[in-house]
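Colleague: I am new to reading protein models, and I would like to learn how the labels are earned. Could you walk me through this one?

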Amino acid sequence: MLRFRNNVRVINSAECKACFAGIPQRRKASFALLRFNLDINYETEHLAGVVELPIYGEKIMFSERLKKLTPYVPGEQPRDRKYVKLNTNENPYSPSPKIREFLETCEIESLRLYPDPLATELRERIAEKYGVKKENVFAGNGSDEVLSFAFYAFFDNSNGNLLFPEFTYSFYPVYCDFYAIQYQKIPLRDDFSVDAEAYIGTESCGIIFPNPNAPTGICLSIEEIIRILENYPKDRAVIIDEAYIDFGGESAVRLINEYPNLLVIRTFSKSMSLAGLRLGFAIGDNGLIDALFTVKDSFNSYPLDMFAQKIGEIAIADEAYYSSVTKKIVETREELCSELGKAGWNFLSSKANFVFAGKKGIPGEDIYLGLRDRGILVRHFNIGKIKDFVRITVGTKDEMSRLIEEMKKL
Ligand SMILES: Cc1ncc(COP(=O)(O)O)c(C=O)c1O
């Protein structure tokens with residue numbers, strides 16, 4: 001039996017055993033299987049995915065909790081050949097050159113000590129940049145970790161389900177399953193935008209959506225966000241995941257003093273070119289921030305290592321460098337859209353560092369596989385009304401010229 005979950009083909013245990021033939025039993029039965037599972041995914045061109053339960057092994061006791069998990073499957077980080085990698089919305093340009101200066105001179109002696117558990121200086125720098133107080137800032141190990149803490153802190157089902165868009169960042173349902181939070185997916189409007197009205201009119205325990213949304217790239221205006229906040233119960237959190245906001249949307253950070261139930265989550269992974277560092281942060285009322293600290297300190301007191309804290313401080317201060325990089329990416333995105341239009345492709349209007357595109361008559365999976373054969377990786381989600389699109393990260397101008405050339409051949 002083959003089933004599809006997101007863009008991953010879910011295989012049953014017999015097929016899984018076939019994939020695992022020749023791999024020592026010790027590994028099959030070990031917890032490392034969850035990772036291993038992804039390795040298979042890379043090597044067999046997304047033919048395998050989440051592994052069904054019996055494969056966990058017969059001899060070890062696994063918790064019922066573990067057996068119920070369906071982990072998030074990240075975009076491929078391939079090792080089999082060199083690809084033009086446009087599948088995980090990484091920044092094609094280097095991080096700030098000032099980070100190299102720091103790394104060349106840093107004292108390894110400092111690693112003897114634990115890092116600052118409060119990430120004080122980093123939070124001060126972030127606060128200065130966004131015109132808030134340090135008490136309004138929480139920093140974590142990638143925005144994924146900040147999101148996960150926020151799900152734990154703010155959502156349960158006492159007032160109904162958590163609401164998020166039908167097509168959105170696919171980690172949200174994973175966190176819900178992890179923390180046993182019931183959720184309801186709100187359909188996108190016909191034009192694929194987030195339907196602000198629908199969130200107001202539905203009884204719920206909280207709201208979360210990315211702005212711009214992923215994988216569509218469509219941005220909600222600040223007026224529509226205010227409309228949600230004005231009409232939503234003030235005792236429930238509204239979380240806006242601004243992973244891509246620097247590429248053209250208007251941030252909701254300026255609203256945090258007016259709406260103490262608003263939490264804005266940001267990342268260093270996209271516009272600051274530091275996906276490998278794992279750094280993210282949240283800005284909100286200090287009541288919300290204190291709650292995130294409570295979760296952190298119940299889980300891991302030192303999630304941010306001292307280098308990540310320091311590099312984050314350097315990056316946040318180098319506005320001149322990053323605004324020029326962002327400008328280049330936005331220009332390239334607009335050029336890409338214009339070329340796609342000329343070549344007869346459809347695409348959604350994006351305010352992010354990616355473009356969601358498709359072509360009438362070609363299934364999304366064929367676009368994905370066709371480009372992959374030609375050495376270009378994009379992301380495909382084999383679900384519902386987005387299955388005939390692929391999400392293309394905006395790369396360098398050269399990468400985009402090569403992409404367009406290959407797309408024309410499909
Ligand atoms: C909408 C959205 N939010 C959050 C993240 C997580 O980013 P990170 O954990 O790298 O900060 C991503 C990553 O692609 C994303 O697309």
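Modeller: Gladly! Let us begin with the words helix and strand: they are DSSP runs, H or I of at least four residues for a helix and E of at least two for a strand, numbered from the N terminus. With those names, Phe192 is found in the loop between strand 6 (183-186) and helix 9 (196-200). Please keep in mind that this is a predicted model, where local features need pLDDT of at least 70, side-chain atom pairs count only at pLDDT 80 or more, and totals for chains, interfaces and linings use all residues. Residues are numbered from 1 along each chain as its sequence is written.

Colleague: Why is Phe192 called partly exposed?

Modeller: We count other C-beta atoms, placed from the backbone, within 10 Å of the residue's own: 20 or more is buried, 12 or fewer is exposed, and in between is partly exposed. Phe192 has 19 C-beta neighbours inside 10 Å, so it counts as partly exposed.

Colleague: And what makes Gly287 count as exposed?

Modeller: Gly287 has 10 C-beta neighbours inside 10 Å, and therefore counts as exposed. This glycine lies in helix 11 (residues 286-297).

Colleague: What is notable about the phi of Phe192?

Modeller: Most residues other than glycine have a negative phi, and most peptide bonds are trans. The phi of Phe192 is near 75 degrees, a positive value in a residue other than glycine. Arg278 also has a positive phi, of about 65 degrees, although it is not a glycine. Arg278 sits in the loop between strand 9 (262-267) and strand 10.

Colleague: Which peptide bond is cis at Pro212?

Modeller: The one that joins Asn211 and Pro212, with omega about -5 degrees. The bond from Ala214 to Pro215 is cis too, its omega near 10 degrees. Pro212 lies in the loop between strand 7 and helix 10 (222-231), and Pro215 is found in the loop between strand 7 and helix 10.

Colleague: How do you know that strand 7 is mostly covered?

Modeller: In strand 7 (residues 204-210), 7 of its 7 residues are buried.

Colleague: What makes strand 5 and strand 7 a pair?

Modeller: Two strands pair if DSSP finds at least two bridges between them. Strand 5 (residues 161-165) and strand 7 run parallel and are joined by 3 bridges, so by that rule they pair. Leu162 has Gly206 in strand 7 as its bridge partner. Strand 7 also runs parallel to strand 8 (residues 238-241), with 4 bridges, and Phe209 stands opposite Ile240 there.

Colleague: Why are strand 11 and strand 14 called edge strands?

Modeller: An open sheet of 4 strands has the order 11-12-15-14, with antiparallel pairing. Strand 11 (346-347) and strand 14 (379-380) each pair on one side only, and that earns them the name edge strands.

Colleague: How do you know that the buried residues of helix 6 are on the same side?

Modeller: In helix 6 (residues 120-130), Leu122, Arg123, Arg125 and Ile126 are buried. They cover an arc of only 160 degrees around the axis, so they lie on the same side of helix 6; the arc is that of the directions from the helix axis to the C-beta atoms.
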